[in-house]
Amino acid sequence: MENLLSNLKIVVPEKIYVKDPESSTLGKRIIEHSIILIDDIGFDSFTFKKLGILINSNESSVYRYFESKHKLLLYLSSWYWAWIEYQLVFETHNLNALEKLEKAIEIVTRSIKKDSNYSHINEVVLNRIIINENSKSFLTKEVDQENKEGYFIVYKRIVHRLREMIVAINSDYKFPSSLASTILEASLHQYFLKDHFQSITDCTNNISPTDFLKNLVLKTIKS
């Protein structure tokens, strides 16, 4: 799978960026160091001016790639979910229905490891950003318009893939889309609770969000 993934370009909806950051060395540096900076100071405190200082470039150079820091967060979120989707497609290939769903839950909820195929992106750090900041990409007044323009299409594709896997096991289950979207959001939330509110989650170093969600989903659709 690693050899196949190394030849694939992660595709992000074009309307999110002004210029594709993957098309230049500067663009890749913007992505690389924006991940580092957001992880370090948080998205609310992040600015293009601070990023420019970090990469030793003018603030205006960042605007040549993204019109706002919101669009940059949308890019990072879309890239992350597209990267997850490629793993989902390859690792569930040729499995039976139950194996496919179990593997899919594992893929979208497991702890992240660094992917050497994308040297300018630290997926482990990006995962922390997704856990802490992903909701800020869509909890905005512009969400409906951005949804119409396809900004969230990658995330929605993963939900649809999970939905199809749920239906393949139990076509009579009434809430496959709700359960599929819950898998993704509950995973992020449980990782957040595990790190910050340990008294209100059962997830620990020995019990992962993956364990919890496999148990929840499989018992729900089989009942």
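1. Let's start with what lines the largest cavity in this predicted model. The residues around it are Y80, W81, V108, T109, R110, S111, I112, N127, S187, L188 and Y191. Pick them out in the viewer one by one and you'll get a feel for where the cavity sits.

2. Which elements give two or more residues to that lining? They are α5, α6 (97-109) and α10 (176-196). Of these, α10 gives the most to the largest cavity, with three residues.

3. What about the chemistry of those walls? Sorted by class, the lining of the largest cavity has six nonpolar, four polar and one charged residues.

4. How much space is in there? The largest cavity has a volume of about 50 Å³. A search of the whole structure turns up one cavity of 30 Å³ or more, so don't spend ages hunting for others above that cut-off.

5. Now over to the second largest pocket, which holds about 190 Å³ of space. Its lining is made up of 15 residues, and N134, S137, F138, F152 and Y155 are the ones that lie nearest the centre of the pocket.

6. The elements giving two or more residues to this pocket's lining are α5 (69-91), α8 (143-148) and α9 (153-169). Here α5 gives the most, with four residues. You've met that helix already: α5 is also among the elements that give two or more residues to the lining of the largest cavity.

7. Finally, the class count for the second largest pocket: eight nonpolar, five polar and two charged residues make up the lining.

Notes:
Residues are numbered from 1 along each chain as its sequence is written. This is a predicted model: local features need pLDDT of at least 70, side-chain atom pairs count only at pLDDT 80 or more; totals for chains, interfaces and linings use all residues. Side-chain values use heavy atoms; hydrogens and water are left out. On a 1 Å grid over the protein atoms alone, a cavity is a set of points where a 1.4 Å probe fits but cannot get out, and a pocket is an open set with protein on both sides within 12 Å along at least five of seven lines; lining residues have an atom within 4 Å of a point. Grid points are joined across faces, edges and corners, and a volume is the space filled by probe spheres set on the points. Ala, Val, Leu, Ile, Met, Phe, Trp, Tyr, Cys and Pro count as nonpolar, Asp, Glu, Lys and Arg as charged, and the others, Gly among them, as polar.
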